[in-house]
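Trainee: I have a structure open and would like to talk it through slowly. Could you help me find my way around?

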Amino acid sequence: MLRRDLLAGVAAAATATATALPAMAVGGGTLRVAMIAADLPSAHRIQNNGVEGYRFLGYPPYDGLVNWDLRYHSDKPADITPGLFTAWRIDETNPLRWIFMVRKSVKFHNGTDFNADAVIWNLQRISQSPHYDATAAPNVKASVSMVGNYEKLTDSTIVMTTKYPFNFLPYLLTRILSPAQFDKVGKTWAAFGKQPAGSGAFKITRIVPGQYIEMVRNDAYWDPTRIPKLEKTGGQSDGGSDHAHRRSQVGPGGLDRGASTGVHPVTESRRFRRHALALSAHLSMTA
């Protein structure tokens, strides 16, 4: 539950507006990306590589309690839309008390159920709980200092109470992972990072530390309008190499896209523009 979700969402919206490829045809195929990170971002939902981590290993495999709506209004600032929470409101009798409704009939990638208990478990990750994450929690705590407490009110309702009025609380809500998967791999975050499970539109299927990660489409995703047309995707660490090196890796027989902190590689030469047009026939840009 962190401010980086907000910043990453805004950045992703800006990137989608500035560099979106024309949607041309049916989907399928595989998208392989050279990331600008010197190492793979963490795969256990709390990212250690900023926006780069969120766009590759945050948004695709993990659902948010709310989602950023990047699909329809590319000419306007992105706003939030229901995710694993279907609705939210401030208690009319208490401006510090937020009431959130939990989506039903959602499955994690390991087949277990998403529910209100899973939400509470994820929130406890940054507090003094048996599954407290001492490494990642400091990345989050300062961003949610306004939250006083939270509780499961019913099987379909979560209540959060802030220390002071804070209207932007829904924009900061966390992305969710499977508590059962954490237990299955031995109840350590290092082990979970090697065999993670969320509920997002892509499922992580393989991780080679320091090298690359592979994901496949989640055909059982709860929102049929957001099931990707892309069959597979993956990110490859470039070891901190420069933009020219990433660009040289993109093309037939190599990677499909090179991430950049500046101008997107497909805008830099006719060869990359042609490649982008061919690639766009296999992609569907979703939130």
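Mentor: Let us go through this chain piece by piece, keeping in mind that the model is predicted.

Trainee: Okay, starting broad, how many helices and strands does the chain have?

Mentor: The secondary structure comes to eight helices and 13 strands, and of the 287 residues in the chain, 46% are buried. If you take the contacts between residues at least 6 apart in sequence, 60% of them join residues that are at least 24 apart.

Trainee: There's a sheet with β5 in it, so what order do its strands come in?

Mentor: The order is β5-β6-β8-β7, in an open sheet of four strands with antiparallel pairing. The edges are taken by β5 (85–90) and β7 (147–154), and because each of these has a single partner strand, one side of each is left without a neighbour in the sheet. From one strand to the next, the twist averages 20°.

Trainee: And what holds strands together in a sheet, generally?

Mentor: Strands of a sheet pair through backbone hydrogen bonds, and the pairing can be parallel or antiparallel.

Trainee: So how many bridges are there between β6 and β8?

Mentor: Strand β6 (residues 97–102) and strand β8 (residues 157–162) are paired over five bridges, in the antiparallel sense. Along this pairing you can find I99 standing opposite V159 of β8, while R97 has T161 of β8 as its bridge partner.

Trainee: What about the other side, how does β7 connect to β8?

Mentor: Those two strands are joined by a hairpin through two residues, and they run antiparallel with six bridges between them. Here K152 is the residue that stands opposite I158 in β8.

Trainee: Is β8 mostly covered or left open?

Mentor: Strand β8 is mostly covered, since six of its six residues are buried. T157, V159 and T161 point one way from the strand, whereas I158, M160 and T162 point the other way, and all of them are buried.

Trainee: Which helix packs on that sheet?

Mentor: That is helix α3 (residues 116–123), which touches β5, β6, β7 and β8 and whose direction makes about 160° with that of β7. Seven of the eight residues of α3 are buried, so the helix is largely enclosed by the rest of the structure. The buried ones are A116, A118, V119, I120, W121, N122 and L123.

Trainee: And which residue caps the N-terminal end of α3?

Mentor: The cap is N115, with a side-chain oxygen that lies 3.2 Å from the backbone nitrogen of D117.

Trainee: Switching topic, where does S199 lie?

Mentor: You will find S199 in the loop between α6 (189–192) and β10. Its relative accessibility is 1%, and because anything under 20% counts as buried, S199 belongs in that class. The side chain of S199 also makes a polar contact, at 3.1 Å, with the side chain of D63. Leaving aside neighbours within four places in sequence, the residues in contact with S199 include P61, L84, F108, H109 and W222.

Trainee: You mentioned F108, so how do the rings of F108 and F114 sit relative to each other?

Mentor: Their centres are 6.2 Å apart and their planes stand at 80°, and because an angle over 60 degrees counts as edge-to-face, that is what we call this pair. Both F108 and F114 are buried.

Trainee: Which residues form an aromatic cluster?

Mentor: One aromatic cluster is formed by W68, Y164, F166, F168 and Y171. Another ring to look at is that of W189, because the charged end of R125 sits over it, 3.7 Å from its centre.Trainee: Last one, what do β10 and β11 form together?

Mentor: They form a hairpin with three residues between the strands, and in the turn G210 has a positive phi of about 80°. Strand β10 (residues 202–208) and strand β11 (residues 212–217) run antiparallel and are joined by six bridges, with F202 having R217 of β11 as its bridge partner.

Trainee: Is P209 in that loop buried or exposed?

Mentor: P209, which is in the loop between β10 and β11, counts as exposed at 59% relative accessibility. The C-alpha atom of P209 is separated by 8.2 Å from that of K194, which is 15 residues apart from P209 along the chain.

Technical notes
Residues numbered from 1 in each chain as written. Predicted model: local features only at pLDDT ≥ 70, side-chain atom pairs only at ≥ 80, totals over all residues. Heavy atoms only, no water. Pairing = 2+ DSSP bridges. Axes fitted to C-alpha atoms, helices over the stretch in contact; angles between N-to-C directions. Contact = heavy atoms within 4.5 Å. Buried < 20%, exposed > 50% of the residue type's maximum accessible area, 1.4 Å probe, protein only. Polar contact = N/O pair within 3.5 Å; in protein donor to acceptor, adjacent residues only side chain to side chain. Phe/Tyr/Trp six-rings, centres within 6.5 Å; stacked < 30°, edge-to-face > 60°.
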